[in-house]
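Me: I am new to protein structures and would love a friendly tour of this one. Could we go through it step by step?

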Amino acid sequence: MAELKEVLVPDIGGDEVQVIELCATVGETLAEDASIVTVESDKATMDIPAPFAGVLKELKVAVGDTVSEGKLIAMMEQAGEAAAPAEAPKAAPAPVAAPAPVAVSTGSQVVDINVPDIGGDTDVPVIEILVKVGDSIAEDAGLVTLETDKATMDVPAPQAGVVKSVELKEGDKVSEGTLVITLEVSGGEAAAPAVESAPVVETAPAAPAVAQVIDINVPDIGGDTDVPVIEILVKAGDSIAEDAGLVTLETDKATMDVPSPKAGVVKSVELKEGDKVSEGTLVITLEVAGEAPAAPVAPAAKAAPVTTPAPAAKPSQPPVPHHPSAKAPVASGKTVHASPAVRRLAREFGVDLTQVTGSGRKGRIVKEDVQAYVKYELSRPKATAASSTGGNAGGLNVIAAPKVDFSKFGEVEEVPLSRIQKISGPNLHRNWVTIPHVTQFDEADITELEAFRKQQNELMAKQKLGVKITPLVFMMKAAAKALRQFPVFNSSLSADGESLVKKKYVHIGIAVDTPNGLVVPVIRDVDKKGVMELSQELTEVSVKARDGKLKAADMQGSCFTISSLGGIGGTAFTPIVNYPDVAILGVSKSEIKPKWNGKEFEPKLMLPLSLSYDHRVIDGAMAARFSVTLSGILSDIRKLVL
């Protein structure tokens, strides 16, 4: 019968700490040493790990609670027969304790500030420098931020003073006693008493590690077989961290990275893009440091005697009240890398750090990222009364579609969407609901253009050049000419929506219908290429698209898009703007129409044009001028040489 066991807060240096994050959810199966909660003191952030493998049955704490050594935080179910008592929970690294200040005589004096006791860890990386030369700092102010495997901690200043020099930089490795800064302090004999640090467990000297080469294979991928490799993320000679991605696989339902189970140096890569793999396929060979013999384990601390539980403490209030229109906080599972000072700042402003993009080294969130996030959120348009109470006015709070059992009405067949449909569908939906579309309809007289095109194709057929000019090539050249005359159409909104990015190049995307769905390859520098060169390039890219051989780079960088349905039919349609473009041209089937020339009606070949544009960037008058200009160029292609 499975056994239910208590998980208590281990030795954390005698401090009371606050729970700032729940790292696991009830019902989750945890490995030994997997993080359950993250706690934070004034000087360190640390994870409290699971002391054994098992299933998390109950969480006894919530975000904001204050805990200390011996506090019950969770109940876990350990499978198997009753065995020897579980080992005491492994202690997370103790908070950084400041060293005793050196007694200073009257007058200012420069003292060295070294790394204090950090729980016996060595070669701990410096991930952030918090001060600079000339800063006046208070006692206990953070100097640098260190990161061990289980905790992020600040090294504090034991005294107030002025920073004279900073002896470390980001990426340096430090141990206890490493010089951090030199500090000019005022005189006086009254030095603060030494801070008693947490007891350190003595360990035997580590035996030297021996490098060994191991095979890294594809892990369990849900039973899928012959899964294609779509990207290789490492190369021979790379130094990689544990859990770093090695290759990217793509099944029918998901794209996933194969992670490295250990840190080391890549000796060889055994796969290439396009290979098919299954569970157990060799991915790379990895050189890792051999494990040294285990050090003697200190005797487990004696558990505190069981006493009558005290009344539950009133949960602490969050620093920012929960707004009724906001969703309840949910553990995202996303790992957030930030120093304790940044986490405190985020809590003060009620910022969910999982929503903040880090600009620091390896995506670390720094103070400026939190400030920028708050500034951006404050600048966003405020919700209307209707949206804040669950209405649809301006808030896009669309109700969920009802589930319908279609088989009740007759025979049905369920066909999975193609990979392209799965990717393009959400993108098209995003573009439709986030871009205010307006469509300008027009038509162009292409009678002379078609006569010229057919004449040139006959000449090239006689010369056996193997090239055929399509109407689409002339539309591309006309669009490029119009984009040069109206630069606002050749732009994109910046990510913050505060400015326009005007492009000095003209790359045009062409929507191509393929058996697997619609793709948009990009033809580059259309304004600099001739009709013959564009015809040949358009033919080649269309073949690649239909054969499914387009690369991601082939479909990036467009300034404007053309979607032509002329070969199929129809009179007009409303194309969806292809973000980050601000406009798209839809072309329908040309038709002979009678046009009045002032004396009589003449038959003219008219081409319907549908210009959709982003109304945030382009107004109606500008769109009409662009459409008229484009129509005029198509009606008289001599304007292309002007």
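Me: How many salt bridges does a search of the whole structure find?
Reply: Happy to start there! This is a predicted model, where local features need pLDDT of at least 70 and side-chain atom pairs count only at pLDDT 80 or more, while totals for chains, interfaces and linings use all residues. Residues are numbered from 1 along each chain as its sequence is written, and side-chain values use heavy atoms, leaving out hydrogens and water. With a salt bridge taken as a side-chain nitrogen of Lys or Arg within 4 Å of a carboxyl oxygen of Asp or Glu, the search of the whole structure gives 16.

Me: Which residue forms a salt bridge with Lys-604?
Reply: Side chains of opposite charge can pair when their charged atoms come close. Here the closest N and O atoms are 4.0 Å apart. Lys-604 lies in strand β35 and its partner in strand β25, so the pair ties together parts that are 159 residues apart in sequence (strands are DSSP runs of E, at least two residues, and helices are runs of H or I, at least four, numbered from the N terminus). The partner is Asp-445.

Me: Is Lys-132 buried or exposed?
Reply: Lys-132 forms a salt bridge with Asp-135, with the closest N and O atoms 3.3 Å apart. Buried means under 20% relative accessible area, exposed over 50%, and partly exposed in between (1.4 Å probe, protein chains only). Asp-135, at 21%, is partly exposed. Lys-132 has a relative accessible area of 53%, so the word for Lys-132 is exposed.

Me: Which element gives the largest share of the largest nonpolar core?
Reply: A nonpolar core is a set of buried Ala, Val, Leu, Ile, Met, Phe, Trp, Tyr and Cys residues joined through side-chain atoms within 4.5 Å. The largest one has 49 residues, and Phe-489 and Ile-562 have the most contacts inside it. Elements that each supply at least two residues of this core include α5, β32 and α8. The largest share, 10 residues, comes from α6.

Me: How many residues are in the other core, the one with Ala-50?
Reply: This core lies apart from the largest one. Among its members are Val-67, Ile-118 and Met-153. Its residue count is 44.

Me: Where is Val-412 found?
Reply: Val-412 helps make a nonpolar surface patch of about 440 Å² together with Val-404, Phe-406 and Phe-409. In sequence, Val-412 comes between the helices α3 (385-388) and α4 (419-434). Its place is the loop between α3 and α4.

Conventions: Patches are made of residues with over 30% relative accessible area and no salt bridge: like charges are joined within 9 Å, nonpolar side chains (Val, Leu, Ile, Met, Phe, Trp, Tyr) within 5 Å. Accessible areas come from the Shrake-Rupley method with a 1.4 Å probe; for residues, only the protein chains shown count as cover.
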